[in-house]
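This briefing covers the fold, the surface and the charge pairs of one protein chain. Please have the sequence and the coordinates open while reading.

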Amino acid sequence: MELGFMEMVVIALAIVLFFGPDKLPQIARDLGSGVRKMRGAMEDIKTEIMKEADNPVSEIKKEIEKVKEAAKEYNPVADINKELQEIKKSVELTDASSKPSLKPSEDEQYEGPVSR
């Protein structure tokens, strides 16, 4: 909203007519003081909004960095290799301890070849 020279002259004449020339300096001081207070309030609101808007963003950035660090430490290939080694060891232990090899003559459950 822009005020031209003629509009400002009309406003000044209206103020002089309504309030009189003796009150004009007081009105100008009050108007200037009001404008300064409004600008100060606007700056305060602006800084509060910036603080509030900045905090969630910085918290999100921190969480992203934590996830990145955790992703660097995570190595699925190493985990899979470790599990495979454990499975191999358990299979080897199971094979070695499952059955002792018996001769057919020593095994009571061996029935031998069946002929019909």
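Helices and strands are here DSSP runs, numbered from the N terminus, with at least four residues (H or I) for a helix and at least two (E) for a strand. In those terms, the elements of the protein run α-α-α from the N terminus on. The model is a predicted one.

**Overall make-up**

- The protein has three helices and zero strands.
- Of its 116 residues, 1% count as buried, a class that takes in residues under 20% relative accessible area.
- The accessible surface of the protein is about 11,500 Å². Carbon and sulfur atoms account for 62% of that surface.

**Helix α1 and its end**

- Helix α1 covers residues 5–19, and its length is 15 residues.
- From the first C-alpha of α1 to the last, the distance is 21 Å, close to the 21 Å expected at 1.5 Å a residue.
- Gly20 follows α1 and has a positive phi, near 90 degrees.

**Nonpolar surface patch**

- Leu3, Phe5, Met6, Met8, Val9, Ile11 and Leu13 form a nonpolar patch on the surface. Together these residues have about 710 Å² of accessible area.
- One of the patch residues, Val9, lies in helix α1.
- Val9 has a relative accessible area of 30% and is therefore partly exposed, since that class lies between the 20% limit for buried and the 50% limit for exposed.

**Helix α2 and the negative patch**

- Helix α2 spans residues 24–73.
- Which residues gather in a patch of negative charge on the surface? They are Glu43, Asp44, Glu48 and Glu52.
- Glu52 is placed in helix α2. Its relative accessibility is 52%, so Glu52 counts as exposed.

**Salt bridges**

- The structure holds two salt bridges.
- One salt bridge joins the side chains of Glu63 and Lys66, at 3.6 Å from N to O. Glu63 and Lys66 are separated by about one helical turn because they are three residues apart in helix α2.
- The partners in this bridge fall into two accessibility classes: Glu63, at 45% relative accessibility, counts as partly exposed, whereas Lys66, at 55%, counts as exposed.
- Another salt bridge joins the side chains of Lys68 and Glu65, at 3.9 Å from N to O. Lys68 and Glu65 are also three residues apart in helix α2, so about one helical turn separates them.
- Lys68 is partly exposed, with a relative accessible area of 46%. Glu65 is partly exposed as well, at 43%.
- Why can such spacing bring side chains together on one face? An α-helix has 3.6 residues a turn, so residues three or four places apart point the same way.

**Ile27 and Ile15**

- Ile27 has its place in helix α2.
- Is Ile27 buried, partly exposed or exposed? At 24% relative accessibility, Ile27 counts as partly exposed, because the limit for buried is under 20%.
- Ile27 and Ile15 are 12 residues apart along the chain, and 9.0 Å separates their C-alpha atoms.

Note on methods: Residues numbered from 1 in each chain as written. Predicted model: local features only at pLDDT ≥ 70, side-chain atom pairs only at ≥ 80, totals over all residues. Heavy atoms only, no water. Patch = residues over 30% accessible without salt bridge, like charges linked within 9 Å, V, L, I, M, F, W, Y side chains within 5 Å. Areas by Shrake-Rupley, 256 points an atom, 1.4 Å probe, with all protein chains shown as cover. Salt bridge = Lys/Arg side-chain N within 4 Å of Asp/Glu carboxyl O. Lys, Arg positive; Asp, Glu negative; His and termini not counted. Charge placed at Lys NZ, Arg CZ, Asp CG, Glu CD. Buried < 20%, exposed > 50% of the residue type's maximum accessible area, 1.4 Å probe, protein only. Expected span 1.5 Å × (residues − 1).
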